[in-house]
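Open the model in your viewer and keep the sequence panel in view. The tour goes stop by stop: what to select, then what is there.

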Amino acid sequence: MPKKEKAPISCDWKMRSTTSRGKKAHIKNKSKLCKHRGNFTWQGIKTEKYKPEAGNWAAIVRRVIIGNYGESAKFHLRYFEIAPGGQSSFEKHRHEHVVVVIRGNGKVFLNKKHHKLSFLDIVYISPNTPHQLLNPFNEPFGFLCAVPAKRDRPIAL
């Protein structure tokens, strides 16, 4: 009898929040590998709206890499991409976050100043600091953003 091969670790896991009998199912926390598919997309990671409600933001999408799939991590890791002419919300919140630029160029409005951002620049945004990320350039601007798993809702400014 041939040996059964193990399935490779990947982000294409199926998560169920309920069982076939309608009871809550336990979501397993297991190690995963999210293979990059090119063009700043990852296997098993969906492209989502930036926020569910309208606001002072435009031309931006989000991909939650770690945080929506049963992980027990105390942080979430997301990838955001802002199209030319777009921007994130101008906001503040009690939680901190870290931004790492991995695609194109952009700007951050922080401490009442605009700062240009380039590949591998890192921005630490402390609690209650008004901030906004913008893309006034002609290429997409993409960045990883790490935030606490438990966080407050932003306050639009």
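Is Phe-80 buried or exposed? Select Phe-80: it is buried, with a relative accessible area of 5%. Buried means under 20% relative accessible area, exposed over 50%, and partly exposed in between, using a 1.4 Å probe and protein chains only.

Before going on, note that this is a predicted model, in which local features need pLDDT of at least 70, side-chain atom pairs count only at pLDDT 80 or more, and totals for chains, interfaces and linings use all residues. Residues are numbered from 1 along each chain as its sequence is written, and side-chain values use heavy atoms, with hydrogens and water left out.

**Stop 1: the whole chain**

Show the cartoon. The protein has 0 helices and 13 strands. Helices (H or I, at least four residues) and strands (E, at least two) are DSSP runs, numbered from the N terminus. Buried residues make up 32% of the 157 residues. Now consider contacts, meaning heavy atoms within 4.5 Å. Among contacts between residues at least 6 apart in sequence, 61% join residues at least 24 apart.

**Stop 2: aromatic pairs**

Show the aromatic side chains. The structure holds 7 aromatic pairs. Rings of Phe, Tyr and Trp (its six-membered ring) pair if their centres lie within 6.5 Å; planes under 30 degrees apart count as stacked, over 60 as edge-to-face and the rest as tilted.

Select Phe-40 and Tyr-79. Their ring centres are 5.8 Å apart and their planes are at 10°, so the pair is stacked. Phe-40 lies in the loop between β1 (36-38) and β2 (41-42), and Tyr-79 in strand β5, so the pair ties together parts that are 39 residues apart in sequence. Tyr-79 counts as buried, at 0% relative accessibility.

Go back to Phe-80 and add Tyr-50. The ring centres of Tyr-50 and Phe-80 are 5.8 Å apart with planes at 75°, so this pair is edge-to-face. Tyr-50 sits in the loop between β3 (48-49) and β4, and Phe-80 in strand β5, so the pair ties together parts 30 residues apart in sequence. Tyr-50 counts as buried, at 8% relative accessibility.

Extend the selection to Trp-57, Phe-141 and Phe-143. With Tyr-50 and Phe-80, these form one aromatic cluster.

**Stop 3: the largest pocket**

Keep Tyr-50 selected. Which residues lie nearest the centre of the largest pocket? They are Tyr-50, Lys-51, Arg-78, Glu-91 and Pro-154, out of 30 lining residues. The elements that give two or more residues to this lining are β4 (58-66), β5 (75-87), β7 (97-103), β11 (131-134), β12 (141-148) and β13 (155-156). β12 gives the most, with 3 residues.

The pocket has a volume of about 550 Å³. On a 1 Å grid over the protein atoms alone, a pocket is an open set of points where a 1.4 Å probe fits, with protein on both sides within 12 Å along at least five of seven lines; lining residues have an atom within 4 Å of a point. Its volume is the space filled by probe spheres set on the points, which are joined across faces, edges and corners.

The lining divides into 14 nonpolar, 8 polar and 8 charged residues. Ala, Val, Leu, Ile, Met, Phe, Trp, Tyr, Cys and Pro count as nonpolar, Asp, Glu, Lys and Arg as charged, and the others, Gly among them, as polar.

**Stop 4: strand β8 and its partners**

Select residues 106-110, strand β8. Gly-106, Val-108 and Leu-110 point to one face and are buried, while Lys-107 and Phe-109 point to the other and are not.

Add β9: β8 and β9 pair in the antiparallel sense over 5 bridges. Two strands pair if DSSP finds at least two bridges between them. Lys-107 stands opposite Lys-116 in β9. The hairpin of β8 and β9 has 2 residues between the strands, and Asn-111 takes a positive phi near 55° there.

Next add β11, which pairs with β8 in the antiparallel sense over 4 bridges. Here the bridge partner of Lys-107 is Leu-134.

**Stop 5: Asp-121**

Select Asp-121, in the loop between β9 (113-117) and β10 (122-125). Asp-121 counts as partly exposed, at 30% relative accessibility. Not counting residues up to four places away in sequence, Asp-121 touches Val-99, Val-100, Val-101 and Lys-116.

**Last stop: two positive phi values**

Select Ala-59 in strand β4. Ala-59 has a positive phi of about 55° although it is not a glycine. Finish at Asn-128, in the loop between β10 and β11, where phi is near 60°.
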